[in-house]
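Work through the exercises below with the sequence and the model open. Try each task before reading its solution.

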Amino acid sequence: MGVGPGARMTADAPGGALLSVRDLQTYFSDRQGVIARLMRRKTGEVRAVDGVSFDVVRGETLGLVGESGSGKSTLARTVMGLVPATGGSASLDGRELVGLRRREWRPLRRRIQMIFQDPVSSLSPRFRVSFLLREPYVINKVPADQQSSVDELLDMVGLSAEQADKYPHELSGGQARRVSIARALALHPEVLFADEPTAGLDVSAAASILNLMRDLRDRLGLTYVLITHDLNVVGYFADRIAVMYVGQLVEIGLGDRILAHPRHPYTRALLSCAPVPDPHLNEGHLDNVLGGEIPSPHDPPSGCRFHPRCKYADPRCTDEVPPLEDLGEGEMVACHHWRRIALTEQPPVAEAAAAAVAAAAAVAAAADAADAAV
Ligand SMILES: Nc1ncnc2c1ncn2[C@@H]1O[C@H](COP(=O)(O)OP(=O)(O)OP(=O)(O)O)[C@@H](O)[C@H]1O
Ligand code: SF4
Ligand SMILES: [Mg+2]
């Protein structure tokens with residue numbers, strides 16, 4: 001059953017939602033050139049997020065994947081009220097977040113937090129770790145008896161009390177991530193957006209951060225939206241996976257199913273390029289597999305936005321926006337031809353999927369090894 005045009009996508013989790021996003025849009029004005037800038041003339045819009053809907057239930061981890069520029073961070077920042085939404089809705093436990101004023105956000109900031117994509121630049125270089133960990137309490141006017149101590153916060157993320165006196169540039173990448181996590185958890189949130197929490201870390205540091213996040217999820221009952229390029233990370237960590245392309249969701253479903261039976265050609269391409277333990281199974285860089293780069297959200301392609309890079313595209317794909325088809329039990333896909341593709345193309349994808357499942361298992365093994373080393 002179709003649920004509407006591609007720009008109006010829905011992707012519900014089974015059960016009641018803690019976080020509910022509906023038809024969310026974030027358009028940036030695109031002023032180009034000196035004269036246009038001087039005249040403050042709009043030359044168009046960048047549709048960074050263009051009609052995205054999904055639900056996240058309490059205690060769930062939703063993995064959000066997609067190429068660079070697909071709109072993942074903008075989506076998170078919009079839900080967090082850091083970027084104004086152009087339209088649509090995002091609600092936390094039934095409370096609307098879109099359009100709230102700064103003052104109205106204050107009580108909600110304690111319930112929903114974000115770990116930013118670049119941890120070092122998101123930590124002010126002028127302040128020591130101890131100040132950075134107390135800052136959320138100052139900004140949000142949290143009474144002293146509701147605050148955790150700096151030592152408690154450091155301990156929660158596996159850092160020693162000596163780190164309190166350091167400046168961000170004195171921390172390793174993994175330590176900076178841990179400080180960002182401690183800062184986000186200082187307010188005891190229920191929902192945590194984690195934007196590329198393992199990017200730039202070596203395998204062991206990445207595994208130990210994932211391990212920490214898994215442990216915190218279980219201990220504190222956290223609900224995660226985990227943003228990453230790395231399908232192996234979501235394969236290991238996420239209950240469900242949502243795939244984003246040029247500002248829209250193209251597929252969403254249970255993690256195991258997406259890895260084993262990706263339906264959308266874009267998901268299949270992402271999987272075929274995910275780094276796997278056996279280099280012979282790596283088919284190459286995504287740009288080579290798909291041909292060309294992701295289109296600009298300033299001028300997205302007609303019909304299916306994926307059609308210029310899709311080897312299955314036909315004239316219908318150029319003309320008609322594929323609806324996000326509801327396959328039941330939270331599974332959805334937006335492709336006119338996914339059934340035909342599934343019938344004709346299963347074997348090569350199965351090999352890549354098996355490799356991706358093996359890679360996710362390798363991430364899990366590395367995380368367990370990091371655990372054992374502590
Ligand atoms: N403030 C802004 N003004 C104009 N365009 C923007 C702005 N912020 C983001 N964009 C554009 O919106 C699109 C989505 O960007 P976004 O950073 O959300 O993508 P992403 O999926 O997080 O990418 P990455 O994986 O590289 O972090 C990009 O084309 C980007 O250039
Ligand atoms: S087959 Fe058509 S609708 Fe499906 S992803 Fe390719 S271009 Fe889009
Ligand atoms: Mg990003």
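**Contacts and conventions**

Among contacts in the protein chain between residues at least 6 apart in sequence, 70% join residues at least 24 apart; two residues are in contact if their C-beta atoms, placed from the backbone, lie within 7 Å. This is a predicted model, in which local features need pLDDT of at least 70 and side-chain atom pairs count only at pLDDT 80 or more, while totals for chains, interfaces and linings use all residues. Residues are numbered from 1 along each chain as its sequence is written, and chains are lettered from A and ligands numbered from 1 in the order in which they are written.

**Exercise 1. Inventory**

Task: State how many helices and strands the protein chain has, and what percentage of its residues is buried.

Solution. Step 1: the protein chain has 15 helices and twelve strands. Helices (H or I, at least four residues) and strands (E, at least two) are DSSP runs, numbered from the N terminus. Step 2: of the 374 residues in the protein chain, 45% are buried. A residue is buried if 20 or more other C-beta atoms lie within 10 Å of its own, exposed if 12 or fewer, and partly exposed in between, with C-beta atoms placed from the backbone.

**Exercise 2. The open sheet**

Task: Give the strand order of the open sheet of eight strands, and find which strands stand at the edges.

Solution. Step 1: the order is 6-7-8-3-9-10-12-11, and the pairing is mixed. Two strands pair if DSSP finds at least two bridges between them. Step 2: the edges are strand 6 (112-115) and strand 11 (325-328), each with a single partner strand, so one side of each has no neighbour in the sheet. Step 3: on average, neighbouring strands of this sheet are turned by 20 degrees against each other, direction ignored. Axes are lines fitted to C-alpha atoms, for helices over the stretch in contact, and angles run from 0 to 180 degrees between N-to-C directions.

**Exercise 3. Strand 3 and its partners**

Task: Describe how strand 3 is paired with strand 8 and with strand 9, and how many of the residues of strand 3 are buried.

Solution. Step 1: strand 3 and strand 8 (residues 223-228) are parallel and share five bridges. Leu 62 has Val 225 of strand 8 as its bridge partner. Step 2: strand 3 also runs parallel to strand 9 (residues 240-245), with four bridges, and Val 65 is opposite Val 243 in strand 9. Step 3: five of the five residues of strand 3 (residues 61-65) are buried, so the strand is largely enclosed by the rest of the structure. Step 4: Thr 61, Gly 63 and Val 65 point one way, Leu 62 and Leu 64 the other way, and all are buried.

**Exercise 4. Strand 10 and positive phi**

Task: Trace the pairing of strand 10 with strand 9 and strand 12, then locate Val 246 and Asp 23.

Solution. Step 1: strand 9 and strand 10 are antiparallel over six bridges, and Ala 242 has Ile 252 in strand 10 as its bridge partner. Step 2: strand 10 (residues 248-254) is joined by two bridges to strand 12 (residues 331-333), antiparallel. Ile 252 stands opposite Met 332 in strand 12. Step 3: six of the seven residues of strand 10 are buried. Step 4: the hairpin of strand 9 and strand 10 has two residues between the strands, and there Val 246 takes a positive phi near 45 degrees. Val 246 lies in the loop between these strands and is buried, with 22 other C-beta atoms within 10 Å. Step 5: Asp 23, in strand 1 (residues 19-29), has a positive phi of about 50 degrees although it is not a glycine. Asp 23 is partly exposed, with 18 other C-beta atoms within 10 Å.

**Exercise 5. The ligand shells**

Task: Which residues come nearest to ligand 1, and which are the closest to ligand 2?

Solution. Step 1: 14 residues are around ligand 1, and Phe 28, Ala 48, Ser 68, Ser 73 and Thr 74 come nearest. A residue is near a molecule or strand if its C-beta atom, placed from the backbone, lies within 6 Å of it. Step 2: 13 residues surround ligand 2, with Cys 304, His 307, Cys 310, Cys 317 and Cys 335 the closest.
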